[in-house]
Amino acid sequence: MWLFKSNRYEILIPPCNLDYDNWTKKQAEEYLNWFVAHVPERAAYVLKKATGKSLPEGPIPPEVLLHVWKWFLRVATTEPVPEEEQEAQRAAFGHFGEDFIDKEQLSLQTEFIIRDIAMLMSAVFTTNYPVLYWGFDSKPKRYIFINQPVLKGFLDLNYEKPFAPVFQPEHMVHVQAARILLHSAHPKDLFNLFQWWRKNIPDQVDP
């Protein structure tokens, strides 16, 4: 546990190293089951920490994302990128200039909270839209989200040939959190993300 704004924030530690690239299909399935099983618990926990309110029965109002993200932006912290990592970046990208070298990163504590918020956002989606479901993809090997828990059931109709994008909750929430490092984070970022993906849910009934 961490001492966090005069309160203790209890973290959920994964049962194994998150070596997605080298997992077998069975390992990916076991982690998916572990992740999904903890969604209700962690969604309730981070909502309680952020707002003092309990997770409602049934569909979770999307507006909770506004309150939780506003809280998150107050408590999120950053830390210096370790010098050895900076040197590795310089070796790879130094020719582009020092601006391409990360000097700050989100703290480990903040990363754990991001996963909890990702679980909450997932719960908002699945409790409002039963067409969505959990899964993972074990190929192709270079797939960016290989063996990672993703929400499926979305359908993007904005192209001549519709396709089915997947929602990797931790990645999507982390992208919004990274705005902190750019000093461009906004309290509506997470809710706006939800609204964008909501448009790609077929046969939706708005909450």
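Biologist: What makes a lining residue of the largest pocket nonpolar, polar or charged, and how many fall into each class?

Modeller: The lining divides into five nonpolar, four polar and three charged residues. The classes follow from residue type: Ala, Val, Leu, Ile, Met, Phe, Trp, Tyr, Cys and Pro count as nonpolar, Asp, Glu, Lys and Arg as charged, and the others, Gly among them, as polar. Residues are numbered from 1 along each chain as its sequence is written, and side-chain values use heavy atoms, with hydrogens and water left out. The model is predicted: local features need pLDDT of at least 70 and side-chain atom pairs count only at pLDDT 80 or more, while totals for chains, interfaces and linings use all residues.

Biologist: What makes this feature a pocket rather than a cavity, and which residues line it?

Modeller: On a 1 Å grid over the protein atoms alone, a cavity is a set of points where a 1.4 Å probe fits but cannot get out, whereas a pocket is an open set with protein on both sides within 12 Å along at least five of seven lines. A lining residue has an atom within 4 Å of a point, and Leu18, Tyr20, Leu108, Glu111, Phe112, Ile114, Arg115, Gln148, Gln168, Glu170, His171 and His174 qualify. The volume is about 230 Å³, taken as the space filled by probe spheres set on points that are joined across faces, edges and corners.

Biologist: Which helices supply at least two residues of that lining?

Modeller: Helix H4 (108–128) and helix H5 (169–177) do, and H4 gives the largest share, five residues. Helices (H or I, at least four residues) and strands (E, at least two) are DSSP runs, numbered from the N terminus.

Biologist: Why is Tyr129, in the loop between H4 and strand S5 (133–135), called buried?

Modeller: Buried means under 20% relative accessible area, exposed over 50%, and partly exposed in between (1.4 Å probe, protein chains only). Tyr129 has 2%, so it counts as buried. Its C-alpha atom is 9.2 Å from that of Arg198, 69 residues away along the chain.

Biologist: Is Leu12 buried or exposed, and what does it touch?

Modeller: Leu12 lies in the loop between strand S2 (7–9) and helix H1 (25–51), and its relative accessible area of 12% makes it buried. Contact means heavy atoms within 4.5 Å; leaving aside residues up to four places away in sequence, Leu12 touches Trp34, His38, Glu41, Arg42, Phe112, Arg115 and Met119.

Biologist: How do you know that H2 and H6 are in contact, and at what angle do their axes cross?

Modeller: Leu65, Leu66 and Trp69 in H2 meet Asp189, Leu190, Phe191 and Phe194 in H6. These residues divide into six nonpolar, no polar and one charged. The axes of H2 (residues 64–75) and H6 come within 7 Å and cross at roughly 145°; axes are lines fitted to C-alpha atoms, for helices over the stretch in contact, and angles run from 0 to 180 degrees between N-to-C directions.

Biologist: What makes the backbone at Asn147, His183 and Pro140 worth noting?

Modeller: Most residues other than glycine have a negative phi, and most peptide bonds are trans. Asn147 has a positive phi of about 65°, and phi of His183 is near 60°. A cis peptide bond, with omega about 0°, joins Lys139 and Pro140.

Biologist: Which of Asn147 and His183 is buried, and which is exposed?

Modeller: Asn147, at 1% relative accessibility, is buried, whereas His183, in the loop between H5 and H6, is exposed at 77%.
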